Amino acid sequence: MKKTIIKMPSEEGNTSSHSSSGDTKRKVSIITEPVVERLGHDNLAFEQNKRKISQQSHHSEDGPVRRKSNLHNNNFDTSSLNSDRYNGEAGGRAKKQSFSEALEKIERDFDNSRLEQSWIYSLCMRCRVEYTTPSWEPPGWQKICPYPLCPSYRQFARILSIILIGVLLWVTAYVIIGDSAAPGGQLFQLVVLTVAANFGGFLISLTTLPRLIGMLMVGILFQNVGWVNLDGDFQVVTAELRKLALVIILVRAGLEMDPTAFKKIYKTILKLGLIPWFVECSLIAVCARFFLELPWMWSILLGSIVGAVSPAVVVPCLFRLRTKGYGVVKGIPTLIIAVAGIDDAVSVAGFGIISSIMFSTQSLGLQIAQAPVCIIGGLGFGVVWGFLCKYVPEPGDAYVVPIRTLMLFGGGLLAVFGSEKIHFEGAGPLGVVFAAFTASYFWCGQGWELEDNPVSTAFEIFWMIFEPILFGITGASIKIVELDPHIVSIGVGSIYVVAVIRILTTVAIAFGDKLNVKEKIFVAISWMSKATVQAALGPVALKTVMSNENRTEEEVHYAELVKMVCILSIILTAPLGAILISVTGTKLLKKTKQQLEPMDGEFTLGWRRSHRPSLHDISIIDEEEEREDIEGIADEDTAANTLSNAQPAAAFTITK
């Protein structure tokens with residue numbers, strides 16, 4: 001039996017030693033005091049194969065943050081027991097185990113890789129996040145809430161703080177508003193619906209489906225069991241909330257458009273963004289005209305809404321594929337997101353122009369001039385406001401991130417509400433998209449990166465707040481008992497047939513784009529999901545009609561049909577689209593093991609770094625300097641423990 005000795009230099013902060021001899025394996029981790037601070041990954045599901053270091057170390061993010069036993073063996077051997085596991089009584093009797101120690105025993109008795117691959121471990125890991133700053137937890141927290149079955153103290157404290165803030169806000173609202181904020185009031189019902197929708201979205205996300213599906217289902221459930229009533233005067237509030245959500249959607253669409261990628265492949269983006277949208281819009285309009293018996297203007301209005309693609313469905317699904325290396329060679333994620341942004345902008349602008357013509361009381365000449373005025377006015381406002389955001393605030397300002405965020409959000413609100421006030425509704429949404437796109441272009445020129453834009457992160461967090469509100473109230477507008485089965489069947493058939501035709505059209509026109517047949521099919525499938533624009537604009541026509549004192553019963557019926565078909569498109573295409581993207585992506589896209597750098601070819605590789613950020617992602621501090629300062633902190637106890645126990649070199653014996 002031949003043995004080879006390999007010498008490995010010791011590393012500072014590493015108090016672990018490994019040995020292999022025959023069939024016996026040991027792994028020892030020495031700690032001195034209970035962990036008070038920790039720096040690293042709270043989600044160990046993403047670091048299963050990384051080197052483990054002492055828990056007291058402050059300078060490595062690869063170490064564990066959960067409580068580990070002083071002695072951790074795969075094959076339990078009484079000869080290697082550490083005296084720290086005993087209470088020192090005669091006979092070496094072991095002290096009574098806590099629940100956390102019992103869990104550690106399970107990890108020793110069973111293969112650790114099997115535990116980490118189990119469904120309960122994976123389920124618990126979904127609640128874990130990555131920490132980049134030191135964290136603290138009360139003594140004995142691991143005994144009360146053992147890892148990984150319970151959340152970390154930071155997560156628990158965050159949830160508790162949100163609950164306390166919500167209670168304080170509710171009490172304040174009740175004191176100011178009165179009965180509407182009291183239990184049973186409409187404002188109270190809206191808050192309860194939002195919280196429940198957020199929880200429903202979390203449950204659905206565990207199945208890898210988009211969160212909005214769960215939010216929509218919760219809204220439908222609350223409405224049809226009588227737990228919520230948002231009708232009457234409160235419809236004004238929900239209508240304004242939809243407009244706020246629309247502004248956030250449009251700003252995100254503009255910020256997610258890569259100026260560099262758009263410049264290089266603008267022909268492909270415009271071709272794949274406009275032609276399939278026009279085909280779907282036209283076919284939906286024809287189906288609505290002849291099957292639902294809507295007038296032509298109402299049919300075109302419906303087609304302009306249904307034709308929009310939902311980034312809220314596409315982005316999370318593509319993110320999972322992107323992290324595994326699928327489609328990055330040709331920059332397919334960039335292409336899909338850029339086209340989705342153009343698609344949404346065209347849909348919203350088209351809806352605004354058509355609704356301006358439909359509900360305008362002006363002369364025929366002014367109605368004809370609506371389209372060019374809305375387009376030119378929206379583009380002009382967007383360019384001017386985006387250019388202003390380049391110089392205001394000054395780029396070196398310490399508060400440049402929050403000020404730019406408020407500037408862009410305020411400009412979007414002005415565009416949407418202002419254009420509605422002057423009866424040019426189509427100009428506002430177009431102006432919001434181009435303001436965000438222009439500002440992003442200038443900010444990238446000043447040194448910001450598209451995939452790490454803090455303003456984009458801020459609007460993603462705004463969307464986290466407004467997403468359950470939007471889809472909760474959208475689902476709450478569906479009353480199943482009032483649905484006409486005949487109309488529902490026609491709507492379902494039309495939506496699916498038109499979706500298939502759009503997929504075939506996209507595959508047919510994607511020539512000359514350096515995509516093979518499989519990639520063309522995947523790109524076409526990814527654009528079938530509907531959600532955000534449909535939820536935001538579907539009820540707008542009904543609200544506009546109901547606000548008109550001279551409305552007729554036919555107009556109310558037409559508006560209700562538009563809203564019903566929009567909601568059906570969400571229910572039918574969002575979950576199916578998410579499933580198809582996840583399933584076909586691994587079959588149709590080429591996988592790359594390494595993350596590639598941007599290339600000078602037809603496609604670039606720009607991609608957002610996160611699909612679900614948190615509040616601490618926004619920073620006005622130099623994170624690199626802050627990280628260096630944190631890593632430079634010396635733990636005297638750990639250093640003393642390391643020096644007293646470490647050997648000059650670690651020896652590993654490999655038996656051949």
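**Figure 1. Overview of the chain.** The chain has 25 helices and seven strands. The model is predicted, with an average pLDDT of 75 over the chain and a score of at least 70 for 69% of the residues. Of the 656 residues, 48% are buried. About 32500 Å² of the chain is exposed, and 63% of this area comes from carbon and sulfur atoms. Where contacts link residues at least 6 apart in sequence, 77% of them join residues at least 24 apart.

**Figure 2. Two stretches with pLDDT below 50.** Residues 1–95 have pLDDT under 50 throughout, although the model gives this stretch 193 contacts beyond four places in sequence. The pLDDT is also below 50 over residues 621–635, a stretch with twelve contacts beyond near neighbours in sequence. Where pLDDT is low, predicted coordinates should not be read in detail.

**Figure 3. The largest nonpolar core and a second, separate one.** The largest nonpolar core contains 118 residues. Within this core, the residues with the most contacts are L212, W298, L302, L408 and F522. Helix α23 (residues 553–588) contributes the largest share, 16 residues. A second core, separate from the largest, has five residues, among them I503, A524, I525 and M528.

**Figure 4. Surroundings of F522.** F522 is one of the residues with the most contacts inside the largest core. Apart from neighbours within four places in sequence, F522 contacts L318, L321, I332 and I336, together with I581, T584, G585, L588 and L589. Of the elements on view, helix α23 spans residues 553–588.

**Figure 5. Helix α11 and its cover.** Which residues of α11 are buried? They are W298, S299, L301, L302, G303, S304, I305 and V306. Helix α11 covers residues 296–306, and eight of its eleven residues are buried, so the helix is largely enclosed by the rest of the structure. The elements that cover these buried residues include α10 (266–290), α13 (332–358), α21 (532–537), α22 (540–546) and α23. Two of the residues buried in α11, W298 and L302, are also among those with the most contacts inside the largest core.

**Figure 6. E293 in the loop before α11.** E293 is in the loop that lies between α10 and α11. The phi angle of E293 is near 60°, a positive value in a residue that is not glycine. E293 is exposed, because its relative accessibility is 61% and the cut-off for exposed is over 50%.

**Figure 7. Helix α6 at T194.** T194 belongs to helix α6, which runs over residues 186–205. Within this helix, the side chain of T194 comes to 2.8 Å from the backbone oxygen of L190. An α-helix has 3.6 residues a turn, so residues three or four places apart point the same way. T194 has a relative accessibility of 17% and therefore counts as buried, the cut-off being under 20%. Beyond four places in sequence, T194 contacts P468 and I469.

**Figure 8. The cis peptide bond at P393.** The peptide bond that runs from V392 to P393 is cis, and its omega is near 0°. P393 sits in the loop connecting α15 (370–391) with α16 (400–421).

**Figure 9. W443 in helix α17.** Helix α17 (residues 427–445) contains W443. Is W443 buried or exposed? W443 is buried, with 0% relative accessible area. Not counting residues up to four places away in sequence, W443 touches L255, C389, K390, R404, L408, W448, N453 and V455. One of these, C389, is 54 residues from W443 in sequence, and their C-alpha atoms are 8.7 Å apart. Another, L408, is among the residues with the most contacts inside the largest core.

**Figure 10. A415 in helix α16.** A415 is part of helix α16 and is buried at 8% relative accessibility. With residues up to four places away in sequence set aside, A415 touches F381, G428 and V432. A415 and A427 are separated by twelve residues in sequence and by 7.5 Å in space, C-alpha to C-alpha.

**Figure 11. Cysteines C145 and C281.** A disulfide is a covalent bond between the sulfur atoms of two cysteines. The model has zero disulfides, counted as cysteine sulfur pairs within 2.5 Å. C145 is buried at 18% relative accessibility, and C281 is buried with a relative accessible area of 8%.

Definitions and conventions. Residues numbered from 1 in each chain as written. Predicted model: local features only at pLDDT ≥ 70, side-chain atom pairs only at ≥ 80, totals over all residues. Heavy atoms only, no water. Helix = DSSP H or I, 4+ residues; strand = E, 2+ residues; numbered from the N terminus. Buried < 20%, exposed > 50% of the residue type's maximum accessible area, 1.4 Å probe, protein only. Contact = heavy atoms within 4.5 Å. Areas by Shrake-Rupley, 256 points an atom, 1.4 Å probe, with all protein chains shown as cover. Polar contact = N/O pair within 3.5 Å; in protein donor to acceptor, adjacent residues only side chain to side chain. Core = buried A, V, L, I, M, F, W, Y, C linked by side-chain atoms within 4.5 Å. pLDDT = per-residue confidence, 0-100.
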